[in-house]
Amino acid sequence: MTQKYRLGIDIGGTFTDVMLTGRSGEVAAALKTPSVPSAPEQAIFNALRQLKDNGIDIGAIELFVHGTTLGVNTLIERNGAKTGLLTTGGFRDVLEIRRLRLENTTDLYGDKALPLIPRHLVKEIDERCLADGRIYRPLRPEELRRAVAELLEEGVTAIAVSFLHAYHNPEHERQAAELIRREFPGVFVSASSEVWPQQREYERTLATVMNAYVGSRMSEYFQRLEAGASEQGLRAQVLSTMSNGGIMTARRAAQEPVKTLLSGPASGVIGATHVARLAGIDKVITFDMGGTSVDVAVIDGEPAYSSENQVGDFPVIIPAVDVTAIGAGGGSVAWVDSAGVLKVGPRSAGADPGPACYGRGGQEATTTDAYVHLGIIHPERFLGGGMPLDERLAAAVLTRLGERIGLDSRAAAQAIIDVATANMYAQFTPLMARKGIDPRDFTLLAYGGAGPTHAFLLAREVGIRRVLIPPSPGTLCATGCVVADLRNDFVRTVYKTEQQLQPGEIGATLQGLKEQGGRWLSEESSRGIALETSYVLFSADMRYEGQAFDIEVSLPAEETEAEAEAEAIRRFHQRYHDIFGISQPGDPVMFVNLRASVVGVTRKAGAIRPPERAADRSAPGTPDKRQLFFDGRSWTASVLKRSELPEESAPALSGPVIVEEYDTTVFVPPGYRVCRDKLGNMIGEAEA
């Protein structure tokens, strides 16, 4: 029988990670290739060629899921399509007014972020739908045509349509979108009722604008990707990861790219959840350190989700895995400010030119240069020896940096590590406090190219006693692509008190969301995605009447339509009491939004083990020794392969220990001991 493969690819800022597994979970290949920021699909084509060179039949890949940072980078760099906005008369300044909140209440000089669409490209349409859904002023097609023509004369290639109260009655938006697509076929159109029909005018409009702003670029990217992958012999449907940790077809992602903005970090959390579940660990804090940033998320049985995420200058209302950036990455540049203080990040050397030690022309010291100069990373063993580094170049840039702050090159390298760790600590500690958790009760699960190198340093700083490094940690985001499920979120705004509801209205609305999700799931899975089962998760945004902020309350899927309202109210009172210590059962409750998350569970293997490399098949011998400089002194560290670590039933090995792998280097500092569990995970424990 022909071997069938599942391919996951995650395009990061510095490297593109690749994970290829068989149906039963055996890893056929795990590799990293430099990203190509100017043409992200080229990194995928390079990866496919490497797989072919390794004897992989590309035509035997039955599942291909990938994540890309193209959409989020387009927003942050503001190089998307020239976009126009059509809005209801009198509401032209919705993107200018925003929420009138200071981003930082202690910064009296904070500048307001510029909107993605300048005011002169916002056109008012004299139509009006009332809050209850009744049409007060009909849409006039001739006015719409004139407004679109004026935008096209300005060079607009994408149009967002967001009319007042379209979340309740989308008829005018549908008419507008149909007319534009029919009479102006070259324009990318995005309507709020299609993207995210939730009350909150600014956030709904912004999500629609984002979708239009990145839509044409993402659409062109997916077209190039599908065509190029087909030329390489790939027959599988191209799938894309989503911000909520799910997957969808590339064609759907091209229509709704705003749902993929945070897909890269989300993929890693999904992979980490899979690893933690197999290891029998419920409470995990993920630590994903790549070339550009450090991302953390909390997993307490399941990943946390949020509808209050931030991309660059803008809030994103669409649900996503709750991931927070807390620091700089391995490629982050060290620099000295005007006061002579050493800083690290947020600017990154990226993939080109990359850190100075890459030998591609980088002239500034980075975190990776510090690792190399201190002896933590062996320059000739980076990426399994496939990408040798130049320690002399690292020493040169660190020497120049050290001269500016009065330190020698090694002390400067240690200072970079210390500053990077301090930055993480300064953001990590209040973040955990806001989430109401004690990190000492959790395991730190580290991945990414630099995550295992730095994880123990953060752990000892914040008091985390256990660290887990999964197999192939440098490609865990790609692994997350392989094990992700089909998933999509749907919302319906109600905005009624319990007295205003019709009998059975909550149950009927939830049933409508379930049916909508079922149609989506059926359409997506019909494109060759095998599902084992499916389920729906319901929730409601609720508040006491007169309050301004909502609480999301999970709802059971099995309640009948008649029972749904009463059960939701009961759960709201309980949830309110859990959060605030009081509740007001006699006060009227308002239903703001109803939500449904539809999940199609894909077939997936159990434990995913890294490929056995020739270097790993040699008989274990005496560990290598390496001199390194750390914490202001020299150490002799044991250098091993993962397979040479003691099993958890044997005495653990005390740090300093360096474990060298193809996709990362694990650094276990003094004060921790490390072993290997039956699944191949490295487990580090703080010594008493």
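**Backbone exceptions, two open sheets and a domain contact**

Strand β22, which spans residues 342–348, contains P346. In this predicted model, the peptide bond that leads from G345 into P346 is cis, and its omega is about 0°. A cis peptide bond also links G655 to P656, with omega near 10°. P656 sits in a loop, namely the one that runs between β31 (653–654) and β32 (657–660). One cis proline is thus found within a strand, and the other is found in a loop. It is helpful to recall here that most peptide bonds are trans, and that most residues other than glycine have a negative phi. R78 departs from the second of these habits: its phi is near 55°, a positive value in a residue that is not glycine. The setting of R78 is again a loop, this time between α2 (70–77) and β5 (83–88).

Both β5 and β32 lead on to the sheets of the model. Strands of a sheet pair through backbone hydrogen bonds, and the pairing can be parallel or antiparallel. β5 belongs to an open sheet of four strands, in the order β6-β5-β9-β10, and the pairing in this sheet is parallel. Its edges are formed by β6 (122–125) and β10 (188–191), each of which pairs on one side only. On average, neighbouring strands here are turned by 20° against each other, with direction ignored. At the β10 edge, four bridges connect that strand to β9 (residues 158–162), and the two run parallel. Within this pair, A158 stands opposite F188 of β10.

β32, the strand that follows the loop of P656, is part of another open sheet of four strands, ordered β29-β30-β32-β33, and here the pairing is mixed. The edge positions are taken by β29 (624–630) and β33 (665–668), each pairing on one side only. From one strand to the next, the twist averages 30°. β29 is held to its neighbour β30 (residues 633–640) by seven bridges, and these two strands run antiparallel. K625 faces S638 of β30 across this pair.

At the level of domains, the assignment for the protein chain gives domain 1 (5–75 + 220–262), domain 2 (332–420) and domain 3 (485–602). Domain 1 is thus given as two segments, 5–75 and 220–262. The C-alpha centres of domain 1 and domain 2 are 30 Å apart. Six residues from domain 1 and seven residues from domain 2 make up the contact.

How much area is buried between domain 1 and domain 2? The size of an interface is often given as the accessible area lost when the parts come together. By that yardstick, the area buried between domain 1 and domain 2 is about 460 Å², and carbon and sulfur atoms give 73% of it. On the domain 1 side, the residues that lose the most area to domain 2 are T14, F15 and P34, together 70% of what that side buries. Polar links do not feature in the counts for this contact: zero salt bridges are found between domain 1 and domain 2, and the number of residue pairs in polar contact between these domains, with both residues at pLDDT 80 or more, is likewise zero.

Technical notes:
Residues numbered from 1 in each chain as written. Predicted model: local features only at pLDDT ≥ 70, side-chain atom pairs only at ≥ 80, totals over all residues. Heavy atoms only, no water. Pairing = 2+ DSSP bridges. Axes fitted to C-alpha atoms, helices over the stretch in contact; angles between N-to-C directions. Domains from an automatic or database assignment. Contact = heavy atoms within 4.5 Å. Buried area = accessible area lost by both parts, 1.4 Å probe. Salt bridge = Lys/Arg side-chain N within 4 Å of Asp/Glu carboxyl O. Polar contact = N/O pair within 3.5 Å; in protein donor to acceptor, adjacent residues only side chain to side chain.
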